[in-house]
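Please open the structure in your viewer and keep the selection panel at hand. The tour below proposes one selection after another and says what is found at each stop.

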Amino acid sequence: MSDPREPARAIAGTGMGGAMDLAASEAETLERAPGGPDGGAPTGKPRSLWSDAWHDLRRNPVFLVSALVILFLIFISLWPSAIASGSPLRCDLAKAQEGSQPGAPFGYDGQGCDVYTRTVYGARTSVAVGVCATLGVAVLGSVLGGLAGFFGGVWDSILSRITDIFFAIPVVLGGLVLLSVVTSSTIWPVIGFMVLLGWPQISRIARGAVITAKQNDYVQAARALGASNSRLLLRHIAPNAVAPVIVVATIALGTYIALEATLSYLGVGLKPPSVSWGIDISAASPYIRNAPHALLWPSGALAVTVLAFIMLGDAVRDALDPRLR
Amino acid sequence: MLLDVRDLHVEFRTRDGIAKAVNGVTYSVDAGETLAVLGESGSGKSVTAQAVMGILDMPPGRITGGEVLFQGRDLLKLKEEERRKVRGAEMAMIFQDALSALNPVLTVGDQLGEMFVVHRGMSKKDARARAVELMDRVRIPGAKERVRQYPHQFSGGMRQRIMIAMALALEPALIIADEPTTALDVTVQAQVMELLAELRRELNMGLILITHDLGVVADVADRIAVMYAGRIVESSPVHDIYKAPAHPYTRGLLDSIPRLDQKGQELYAIKGLPPSLLNIPPGCAFHPRCPMARDVCRTDVPPLYEVSEERGSACHFWRECLHG
Amino acid sequence: MAEPILEVRGLVKHYPLTTGVLFKKQVGSVKAVDGVDFTLHRGETLGIVGESGCGKSTVARMLVNLEKPTAGVIRYKGEDITQLTGKALKAVRRNIQMVFQDPYTSLNPRMTVGDIIGEPYEIHPEVAPKGDRGRRVQELLEVVGLNPEYINRYPHQFSGGQRQRIGIARGLALRPEIIVADEPVSALDVSVQAQVINLMERLQNEFDLSYIFIAHDLSIVRHISDRVGVMYLGRIMEIGTDEEIYDHPTHPYTQALLSAVPVPDPEAREHRERIILAGDVPSPTNIPSGCRFRTRCFKARERCALEVPALAVPAEFRLTTGPAAHDSACLFAEEKQVVPPEETR
């Protein structure tokens with residue numbers, strides 16, 4: 001039936017390359033098509049929504065830039081020694097606060113440690129914290145939120161109230177209180193704290209996405225066929241609800257990296273001898289007048305990293321947005 | 001002539017190329033006349049109307065040619081400022097989905113009154129009085145009380161009446177109604193169509209009725225223009241077209257709808273699908289689906305042949321179609 | 001008449017209206033379906049027409065067990081299916097399949113056409129052995145008039161009409177006996193509607209299917225149905241053969257509905273009587289007493305507010321044998337011809 005969205009639909013329709021090849025070559029002429037109804041073979045390749053999204057992403061400069069930055073980050077967190085030969089823990093007080101010089105392009109910080117080496121090694125902590133926290137948050141949040149959304153009822157109400165409570169907790173204050181009692185110098189308490197406070201965000205997104213997907217007729221169609229709940233969830237709902245979770249998780253990854261730096265700066269996150277941008281920013285800030293470079297480089301790395309993840313999330317959102325298709 | 005659209009072309013830029021939504025549409029409406037523009041989705045009927053109203057999204061849309069003469073002036077040459085004065089005051093539009101076309105946080109009285117405040121500089125109080133008057137005019141019972149209500153408190157049919165009231169507010173010379181009754185139930189549909197027809201007579205307005213429903217058209221239209229792939233393929237007074245269509249597409253449409261008054265055998269079905277606007281077939285756009293197509297149809301775009309003084313058909317073989 | 005295959009008796013679906021977030025309190029109910037009876041015979045098409053909100057889609061969803069009725073029975077070959085669970089329910093589901101209205105949301109966008117049509121076999125593996133499924137899916141595509149090579153494509157690569165064919169192929173996969181079609185063509189373009197209607201009629205003959213065909217378009221329902229039921233506010237107002245309902249309606253609602261249908265024939269508009277109903281359909285939370293149609297009825301009297309008319313042959317026609325003698329829930333039933341007799345065009 002025709003409607004006022006007609007131009008939109010006509011255009012949306014034309015937005016799908018495959019469909020158009022099909023409409024053009026497809027004869028669908030016969031009530032009963034014997035074998036291939038159309039003389040000319042259809043040329044359109046099968047394309048899933050994911051491959052369509054990838055098709056879009058490859059042409060998106062925002063995606064390309066942020067993906068390059070992130071790939072580089074992952075590379076240096078896995079093999080920091082590939083581009084930084086020294087050790088981040090070898091410091092020479094004699095060189096404290098010295099500026100850029102051969103062998104130390106970023107100069108030295110207040111303790112006489114090489115800023116370049118420390119910035120490179122700091123990426124590992126940031127990426128590790130960000131990735132682990134995001135994974136934990138995504139798994140916990142989407143399982144709890146997805147199940148609540150699918151089954152509804154009392155558990156859904158209870159979960160919604162719990163997420164409300166968590167949203168009411170100020171993150172930094174919570175971190176100051178909870179993490180100040182921890183003595184471990186590994187990254188795990190920080191990750192645990194982020195998962196604890198972060199899952200309600202994903203859970204809420206996942207719950208909404210599942211409820212939306214659940215109402216689609218194809219879920220009803222599968223139910224009418226006699227499909228089990230696990231089949232409905234895994235085959236029909238999850239693949240259609242996962243996109244917003246991925247987008248939010250990608251953006252959240254950036255913010256977790258920033259949060260780690262914040263907590264470390266405040267002294268409750270990672271503690272030396274861990275190497276982290278937050279620790280370095282904290283250590284360099286008293287000397288901002290004498291050695292601004294010691295503050296500038298880790299802060300810059302942090303800002304670029306966070307921005308890269310947020311941009312990546314935005315690009316992925318655009319590519320996955322079904323309204324554009 | 002109230003409105004004269006001449007050789008209008010509209011394109012849309014899309015990811016996959018240029019979609020030619022309107023390819024040389026020519027039609028006209030007189031005061032007091034109802035022109036029905038009939039077409040399926042993607043035929044360009046709504047895009048044409050949006051271009052006439054000046055509410056086409058540009059970009060991605062682009063008017064690449066033609067004239068829209070309204071009371072002698074070419075609207076496409078006007079500045080946006082002047083265009084806005086025409087819109088609402090001299091021509092108005094009614095949409096299919098009244099719920100999304102009305103602002104949910106304002107009372108219907110405020111929305112109706114706003115027209116008078118903005119265009120006529122009335123005081124709020126006078127505007128409110130006019131709003132009640134308008135609601136009476138579109139036969140909403142209890143207008144005095146209901147003027148304070150919000151859109152969601154009205155039923156679908158009543159909301160469509162409010163939309164009509166809004167369109168009528170400044171007594172425009174032309175109303176464009178885009179599928180005004182498609183979202184409504186049959187019994188309510190009849191009420192709304194009746195109202196539109198009555199108001200048109202009363203106010204001697206021109207009415208362009210955009211629809212896909214051959215039944216609705218037969219009930220209210222004076223003339224009818226059938227669109228396919230962005231062109232008008234047949235244009236005719238309403239009586240003639242139902243008796244003897246002069247274009248195979250029109251004939252196919254008429255034959256393919258089931259009739260209320262007879263238990264049919266197999267329905268005639270137009271084969272295939274409407275074409276992609278990115279890739280409109282050469283020659284006559286309808287030829288891949290046409291039972292009468294011959295070689296010339298694949299190469300030559302048919303002009304709108306004159307069938308009679310008031311009729312035109314864009315088919316090389318209109319004579320055969322008319323008599324076959 | 002052929003044997004009954006599906007019998008619906010006293011079917012009711014009320015949705016509770018509640019307030020409160022954690023501790024819910026019922027404050028009323030939406031009476032979506034409020035006592036529906038009909039019988040579907042083998043090989044026939046029963047059309048159900050009505051305006052939006054009349055409960056026709058809810059009936060469809062109960063028939064395919066997507067909703068549990070509040071009360072009433074649905075007997076498939078004599079067995080009440082509303083209480084079934086587990087294996088027995090799954091077995092019945094094989095035989096009653098549904099075709100949905102919206103071809104854009106009824107196919108999972110992340111699955112290929114082959115996976116969509118083949119899914120019934122994964123859920124009911126006993127129907128087709130694993131190695132045979134690909135061939136069967138291709139056969140089904142061919143049966144509904146699509147190229148079998150399209151098996152690896154995704155739904156968004158197809159037009160609305162083609163998608164609806166895919167939905168029909170999925171419905172056919174398990175070789176059901178009954179197909180419940182809820183507005184199967186109303187989302188399609190006019191020129192494509194006829195293709196799908198013809199396909200459904202051809203499949204009915206080929207596979208000996210019985211259809212419940214739900215629609216708001218009276219012309220299409222007449223075209224495809226053998227018998228027609230007219231619903232209003234959760235109840236059937238009148239039911240009979242297509243001739244009885246369209247040419248000899250006795251219920252004022254049916255008459256008004258028929259007279260309101262625009263007929264594609266400008267000649268007809270001069271000599272056609274229009275019954276324009278007053279007002280809107282009342283809310284299903286607050287159904288009028290007595291006859292539920294009385295608030296909009298052009299011949300309502302006092303008695304209509306007091307007495308609920310039963311769906312039966314009205315007294316005045318009980319002794320006649322003509323086409324007016326069919327079930328009609330009106331206290332003042334009266335035959336009235338509203339559709340002008342067939343003219344040859």
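Begin by selecting helix H11 of chain B, residues 248-256, together with helix H6 of chain C, residues 190-207, whose axes come within 9 Å and cross at roughly 45°. Bear in mind throughout that this is a predicted model. An angle between 35 and 65 degrees is neither roughly parallel nor roughly perpendicular, and H11(B) and H6(C) are therefore oblique to each other. If you turn the view to look along the line from one helix to the other, the crossing of H11(B) past H6(C) is a left-handed one.

Now show the side chains at this crossing, where B:Gly252, B:Leu253 and B:Ser256 of H11(B) make the contact with C:Val190, C:Ser191 and C:Ala194 of H6(C). Colouring these residues by class gives three nonpolar and three polar ones, with no charged residue in the contact of H11(B) with H6(C).

**The wider contact between chains C and B**

Next, widen the selection to the whole contact between the two chains, to which chain C brings 38 residues and chain B brings 41 residues. On the side of chain C that touches chain B, at least two residues each come from H6, from helix H7 (218-224), from helix H8 (242-247) and from helix H9 (252-260) of chain C. Which helix gives the most to this side of chain C? The answer is H6(C), the helix from the start of the tour, with seven residues. Coloured by class, the side of chain C that touches chain B shows 19 nonpolar, nine polar and 10 charged residues.

**Inside chain B**

Hide chain C for the next stop and colour chain B by its two domains, with domain 1 covering 3-228 and domain 2 covering 235-324. The C-alpha centres of these two domains of chain B are 28 Å apart, and 18 residues of domain 1 are in contact with 18 residues of domain 2. On the side of domain 1 of chain B that touches domain 2, strand E2 (17-29), helix H9 (214-220) and strand E9 (223-228) each supply at least two residues. That side of domain 1 is made up of 11 nonpolar, two polar and five charged residues.

**A last stop in chain A**

Finally, select residues 123-313 of chain A, where an unreviewed UniProt entry places the feature "domain: ABC transmembrane type-1". This span of chain A is 82% helix and 0% strand, and its end C-alpha atoms lie 20 Å apart.

Conventions. Residues are numbered from 1 along each chain as its sequence is written. Chains are lettered from A and ligands numbered from 1 in the order in which they are written. This is a predicted model: local features need pLDDT of at least 70, side-chain atom pairs count only at pLDDT 80 or more; totals for chains, interfaces and linings use all residues. Axes are lines fitted to C-alpha atoms, for helices over the stretch in contact, and angles run from 0 to 180 degrees between N-to-C directions. Helices (H or I, at least four residues) and strands (E, at least two) are DSSP runs, numbered from the N terminus. Angles under 35 degrees count as roughly parallel, over 145 as roughly antiparallel, 65 to 115 as roughly perpendicular and the rest as oblique. A crossing is left-handed if the near helix is turned anticlockwise from the far one by less than a right angle, and right-handed if clockwise. Two residues are in contact if their C-beta atoms, placed from the backbone, lie within 7 Å. Ala, Val, Leu, Ile, Met, Phe, Trp, Tyr, Cys and Pro count as nonpolar, Asp, Glu, Lys and Arg as charged, and the others, Gly among them, as polar. Domain bounds come from an automatic or database domain assignment. UniProt positions are given in the numbering used here, feature names are shortened, and annotations may be inferred rather than shown by experiment.
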